[in-house]
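Visitor: Could you take one part of this structure and go through it closely with me? I would like to hear about the aromatic rings and what lies around them.

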Amino acid sequence: MAEKPLDLIHGSLEKNVLVELRGNRVFRGILKGYDQHLNLVMANTEELADDEVFRKIGYIVIRGANVVYLAPRSL
Amino acid sequence: MAEKPLDLIHGSLEKNVLVELRGNRVFRGILKGYDQHLNLVMANTEELADDEVFRKIGYIVIRGANVVYLAPRSL
Amino acid sequence: MAEKPLDLIHGSLEKNVLVELRGNRVFRGILKGYDQHLNLVMANTEELADDEVFRKIGYIVIRGANVVYLAPRSL
Amino acid sequence: MAEKPLDLIHGSLEKNVLVELRGNRVFRGILKGYDQHLNLVMANTEELADDEVFRKIGYIVIRGANVVYLAPRSL
Amino acid sequence: MAEKPLDLIHGSLEKNVLVELRGNRVFRGILKGYDQHLNLVMANTEELADDEVFRKIGYIVIRGANVVYLAPRSL
Amino acid sequence: MAEKPLDLIHGSLEKNVLVELRGNRVFRGILKGYDQHLNLVMANTEELADDEVFRKIGYIVIRGANVVYLAPRSL
Amino acid sequence: MAEKPLDLIHGSLEKNVLVELRGNRVFRGILKGYDQHLNLVMANTEELADDEVFRKIGYIVIRGANVVYLAPRSL
């Protein structure tokens with residue numbers, strides 16, 4: 001059976017996710033919410049560069065149009 | 001329970017927010033309003049560069065299509 | 001209470017506004033009209049560079065898709 | 001009273017207009033028609049560079065998505 | 001009276017047209033069809049560079065989203 | 001009579017087509033299917049550079065938003 | 001008979017696929033799901049560079065707007 005993209009996102013609520021945005025930017029945090037446009041709410045968000053944290057942002061709403069991919073992350 | 005992106009934005013009304021726009025531009029101000037396109041109204045808006053204020057803009061309507069993320073900011 | 005983006009724009013009619021477009025272009029003029037796409041009508045429009053007027057355009061319709069932000073301007 | 005963007009365009013029919021397109025391209029001609037997408041019909045169209053005519057194109061349909069602004073032009 | 005953009009395109013059927021696409025590409029050919037998205041069908045299509053033919057493509061469907069302008073061409 | 005863009009595409013089913021995508025990329029293959037968004041299914045797809053095959057991809061679904069043009073190709 | 005793009009994608013469920021995204025990025029993995037926007041769910045996803053694996057990502061939701069093409073891959 002096919003898994004719907006929004007179902008995978010729903011199943012990632014309260015878990016760590018890695019989100020890549022256009023322009024090769026990578027954010028890591030806990031997924032707290034989303035909507036059908038792939039707008040995302042994340043907590044404890046950190047921006048990464050070369051897999052290292054270089055900035056702490058905290059609570060954040062990301063506009064879905066900027067998302068390249070979202071990956072649940074066991075960390 | 002999932003938190004809706006627009007609910008986090010609604011909960012940020014009258015608070016300080018940091019908004020990043022395409023082209024690595026960062027605005028800080030008090031969120032005064034929004035709509036479902038993520039168009040934003042902000043007061044006391046300042047544009048930042050390297051976390052320093054380099055321009056004061058004041059009242060502003062930002063077109064949602066330019067928004068990368070919005071972060072409530074305790075400051 | 002939240003202020004709707006289009007309400008701030010409506011409240012700026014007949015006033016000086018600063019409009020930034022994609023590509024770091026800045027126009028200043030008197031807001032004469034708008035629609036829900038953020039298409040704008042402005043009079044006495046001038047294009048600025050480094051806060052100096054470098055071109056007078058006069059009456060103009062700006063296509064909303066190019067707008068980054070609009071700021072009412074007391075000048 | 002607010003002036004609707006399409007009304008200014010309608011009022012420019014049969015008059016000289018200056019149209020700037022994305023990529024800093026400027027066309028001048030007589031506005032002959034338009035639709036709600038800001039697709040434009042122009043006659044006697046010339047492309048300008050540094051305010052000089054460098055190419056005559058004649059009748060033309062411009063796709064609205066490329067328009068940055070339209071300015072009626074008394075010339 | 002205003003002339004509708006799609007009417008000018010309709011009136012160009014079976015005639016030579018010049019079509020400029022994003023990226024400064026110019027195609028010339030006989031317009032054979034179109035739809036409301038400005039998708040175009042052209043026959044005997046040639047790509048031009050500096051007003052010279054440098055490539056013959058023949059029958060072609062152009063996706064409207066790439067079109068900057070279309071000009072009927074008496075040649 | 002005008003020829004509809006989707007009709008030309010429909011008439012190209014099971015034939016060789018050349019498809020150019022944004023970024024000056026050229027694919028050649030046998031058109032197996034399409035939809036109204038110009039998403040395309042192609043078989044025996046090869047990517048070309050300077051009219052030479054430099055990569056074989058085989059079966060492929062191309063997202064319509066990337067298409068610049070499609071040309072039926074007698075080869 | 002024409003093959004619908006979404007049917008080819010549906011027929012690739014649980015199989016290895018190669019997905020190219022804008023910016024010349026290539027992902028390989030097992031297709032687990034999709035929706036009508038071409039949002040994709042993939043498992044065991046790896047990012048490739050010059051046909052070599054240079055990063056393992058695992059489970060992932062790719063936003064359809066970034067997809068250039070999807071190719072089922074017998075490997």
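Guide: What follows is a walk through the aromatic pairs and the charges that sit over rings. This is a predicted model, in which local features need pLDDT of at least 70 and side-chain atom pairs count only at pLDDT 80 or more, while totals for chains, interfaces and linings use all residues. Residues are numbered from 1 along each chain as its sequence is written, chains are lettered from A in the order in which they are written, and side-chain values use heavy atoms, with hydrogens and water left out.

Rings of Phe, Tyr and Trp (its six-membered ring) pair if their centres lie within 6.5 Å, and planes under 30 degrees apart count as stacked, over 60 as edge-to-face and the rest as tilted. By this rule there are 7 aromatic pairs over all chains. In one of them, B:F27 and C:Y69 have ring centres 5.7 Å apart and planes at 70 degrees, so the pair is edge-to-face. This pair crosses between chains, from strand β2 (residues 25–34) of chain B to strand β5 (residues 67–72) of chain C, where strands are DSSP runs (E, at least two residues) numbered from the N terminus. B:F27 is buried at a relative accessible area of 0%, and C:Y69 is buried too, at 1%, buried meaning under 20% relative accessible area (1.4 Å probe, protein chains only).

The rings of D:F27 and E:Y69 likewise have centres 5.7 Å apart and planes at 70 degrees, which makes the pair edge-to-face, and both residues are buried.

A charge sits over a ring if NZ of Lys or CZ of Arg is within 6 Å of the ring centre and within 35 degrees of the ring normal. B:K4 lies over the face of A:Y34, at 5.3 Å from the ring centre, and D:K4 lies over the face of C:Y34, at 5.3 Å from the ring centre.

Note on methods
Helices (H or I, at least four residues) and strands (E, at least two) are DSSP runs, numbered from the N terminus. Buried means under 20% relative accessible area, exposed over 50%, partly exposed in between (1.4 Å probe, protein chains only).
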